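Let's take a stroll through a protein chain together. Have a look at the structure below, and then we'll pick it apart piece by piece.

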Amino acid sequence: MVTVSLTGASREDAATVFDVLRTAFPVDRPPDAVPREQPGDHPVVWSAEFVPTQERIPTGPTPLEGSLTATLQGGHVAVDQLCEALRAAFAVDEEGTASGDQEKEVDLRLGTKRP
């Protein structure tokens, strides 16, 4: 299982990223779940958990309104599978990685893929 947390994103961009991942892998949310904003002056973090599988549905380039930061945390192979799915849909810049024996955390900057 991989926890995906998105920051610096509009509700629409968060929904777009989660829709791409939901197409490829099972998720802990119902298919019609839409990210909701909470009132207040605190930074918004959107999160969901995904269970990557060897057989996934590939996705093509998907536009975003802006750029956002994604933090993926989970097992090494599972995180790598989600990173691969994100790279197929978005422009991805890796901003940092931390690895342990059992888990890996990757910070990515996602944007619209340019031709």
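Two residues are in contact here when they have heavy atoms within 4.5 Å. With that in hand, keep in mind that this is a predicted model. Of the contacts in the chain with a separation of 6 or more, 73% are between residues 24 or more positions apart.

**The overall layout**

The chain has 2 helices and 5 strands. If you read along the sequence, they come in the pattern β-α-β-β-α-β-β. The chain has 115 residues, and 37% of them are buried. About 6600 Å² of the chain is exposed, with carbon and sulfur atoms supplying 49% of that area.

**A helix and its cover**

Now find helix α1, which runs over residues 11–24 and has 14 residues. From its first C-alpha to its last, α1 reaches 20 Å, close to the 20 Å expected at 1.5 Å a residue. Which residues of α1 are buried? They are D13, A14, A15, V17, F18, V20, L21, R22 and A24. And what covers them? The cover includes the strands β1 (2–7), β2 (45–50), β3 (68–74) and β5 (104–111), along with helix α2 (76–89).

**A pair of rings**

One of those buried residues of α1, F18, brings us to the aromatic side chains. The count of aromatic pairs comes to 1. In this pair, the ring centres of F18 and F50 are 6.1 Å apart and the planes sit at 35 degrees, so the pair is tilted. F18 belongs to helix α1 and F50 to strand β2, so the pair ties together parts that are 32 residues apart in sequence.

**A closer look at T69**

Next, go to strand β3, where you'll find T69. Is T69 buried or exposed? Its relative accessible area is 16%, and buried means under 20%, so T69 counts as buried. Leaving out residues up to four places away in sequence, T69 touches S5, L6, T7, E95, L108 and R109. With R109 there is also a polar contact: the two side chains, of T69 and R109, are joined at 3.4 Å.

Here are the buried residues with their accessibility values side by side:

| Residue | Relative accessibility | Status |
|---|---|---|
| F18 | 7% | buried |
| F50 | 0% | buried |
| T69 | 16% | buried |

To wrap up, try tracing the F18 and F50 pair from helix α1 to strand β2, then hop over to T69 in strand β3 and look for the side chain of R109, its polar contact partner.

Note on methods: Residues numbered from 1 in each chain as written. Predicted model: local features only at pLDDT ≥ 70, side-chain atom pairs only at ≥ 80, totals over all residues. Heavy atoms only, no water. Helix = DSSP H or I, 4+ residues; strand = E, 2+ residues; numbered from the N terminus. Expected span 1.5 Å × (residues − 1). Buried < 20%, exposed > 50% of the residue type's maximum accessible area, 1.4 Å probe, protein only. Polar contact = N/O pair within 3.5 Å; in protein donor to acceptor, adjacent residues only side chain to side chain. Phe/Tyr/Trp six-rings, centres within 6.5 Å; stacked < 30°, edge-to-face > 60°. Areas by Shrake-Rupley, 256 points an atom, 1.4 Å probe, with all protein chains shown as cover.
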